[in-house]
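User: I would like a close look at one strand of this protein, with the terms explained as you go, and then a look at what else can be said about the chain around it.

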Amino acid sequence: MKIVVCIKQVPDTKGGVKFNPDGTLNRAAMLTIMNPDDKAGLEAALRLKDKYGAEVTVITMGLPKAEDVLREAMAMGADKGILVTDRVLGGADTWATSQTLAGAIRNLEYDLIITGRQAIDGDTAQVGPQISEHLGIPVISYAQKIEVEDDSVIVERQFDDRYHVLKAKMPCLITALAELNEPRYMTPGGIFDANKAEITVWGRNDLVDVDDSNLGLKGSPTQIAKASDKVRKGAGEKVTLDPAESVDYIMNKLKEKHVI
């Protein structure tokens, strides 16, 4: 079994968010982590490797420093790492990103593709399903449990307060929830091996069946009108009153603002 896991290096928002003049994230200036949903997807792939001897390839699109997240994945147990990076790919929205990743994946043999449900820097949940559409394979999203049976996968798909049980023949794509599992830690030996491992680097010319009009900022139909860090609120008005006075105070304030 060959599994491709799409992972993303995302900003660690605890360290603050920075923007470029065009409204896109200045990723080079921010601390980064592996996207949580992607990490759960990677752990699911590694468990299938433990059980069936699958080969796990991790792939990411990003700046050259995104190599770090690939080495983290390899230190956890992934077999190969592929970085897709090129200036012409910068500023991509979900459409251009999924086109890029699909173009890269067309170079690979795979039975199963696993992505995270969504990235914490965009929260769109679009890239995984879009990749499956570009590749013409089935997709099962919001996976909370994954099993393999012969040439098929059986997935519990989260749905409100219950779940669907869906079965699809491979090749197919699954998007994983962070709640799918508890990802393993990197091992000392894994870290040592990952630091020595060779990362495959691909650029624009390595993408298969992708038109230039669908790449990067120019190929992104989504345009950012305005972007800013979260607005910090002031301390507000503080008063000390007994319970009865507090009720009157709150009611008067609501009336002043025409809430009631």
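Which residue stands opposite L173 in β10?

Analyst: The residue that stands opposite L173 in β10 is I113. Before going further, please keep in mind that this is a predicted model, in which local features need pLDDT of at least 70 and side-chain atom pairs count only at pLDDT 80 or more, while totals for chains, interfaces and linings use all residues. Residues are numbered from 1 along each chain as its sequence is written, and side-chain values use heavy atoms, with hydrogens and water left out.

Let us begin with the partners of the strand. Helices (H or I, at least four residues) and strands (E, at least two) are DSSP runs, numbered from the N terminus, and two strands are said to pair if DSSP finds at least two bridges between them. Strand β6, made of residues 112-116, is joined to β10 by five bridges, and these two strands run parallel. Strand β7, made of residues 139-149, also runs parallel to β10 and is joined to it by three bridges. In that second pairing, I140 stands opposite I174 of β10.

Next comes the question of cover, for which a residue is called buried at under 20% relative accessible area, exposed at over 50%, and partly exposed in between (1.4 Å probe, protein chains only). Five of the five residues of β10 are buried, so the strand is largely enclosed by the rest of the structure. In a regular strand the side chains alternate between the two faces of the sheet. In β10 both faces are covered, with C172, I174 and A176 buried on one side and L173 and T175 buried on the other.

C172 deserves a closer look, because its relative accessibility of 0% makes it count as buried. A disulfide is a covalent bond between the sulfur atoms of two cysteines, and here it is counted when a pair of cysteine sulfur atoms lies within 2.5 Å. A search of the whole structure finds zero disulfides. The cysteine sulfur closest to that of C172 belongs to C6, but it is 13 Å away, which is too far for a bond. C6 is itself buried, with a relative accessible area of 6%.

The loop between β10 and α5 (188-196) holds R184, and this residue leads us from the strand to helix α1. Side chains of opposite charge can pair when their charged atoms come close, and a salt bridge here is a side-chain nitrogen of Lys or Arg within 4 Å of a carboxyl oxygen of Asp or Glu. R184 forms one with E43, where the closest N and O atoms are 2.8 Å apart. This pair links distant parts of the chain, since E43 is in helix α1 and the two residues are 141 residues apart. E43 counts as buried at 3% relative accessibility, whereas R184 is partly exposed, with a relative accessible area of 26%.

R184 also forms a salt bridge with D50, the closest N and O atoms being 3.0 Å apart. Here again distant parts of the chain are linked, with D50 in helix α1 and R184 in the loop, 134 residues apart. D50 counts as exposed, at 55% relative accessibility. Salt bridges that share partners join E43, R47, D50 and R184 into one network.

Helix α1 takes part in a further link, in which the side chains of K39 and E72 meet in a salt bridge of 3.0 Å, N to O. Since K39 lies in helix α1 (residues 36-52) and E72 in helix α2 (residues 67-76), the pair ties together parts that are 33 residues apart in sequence. K39 is partly exposed, with a relative accessible area of 24%. In total, the structure holds 16 salt bridges.

For a comparison with β10, we can turn to L83, whose place is in strand β5 (residues 80-84). L83 counts as buried at 2% relative accessibility. Contact means heavy atoms within 4.5 Å, and, leaving aside neighbours within four places in sequence, the residues in contact with L83 include L63, L70, I199 and W202. The C-alpha atoms of L83 and D68, which are 15 residues apart along the chain, are separated by 10.0 Å.

Finally, I260 gives an example of an uncovered residue, as it is exposed, with a relative accessible area of 53%. I260 is found in the segment after α6 (243-256).
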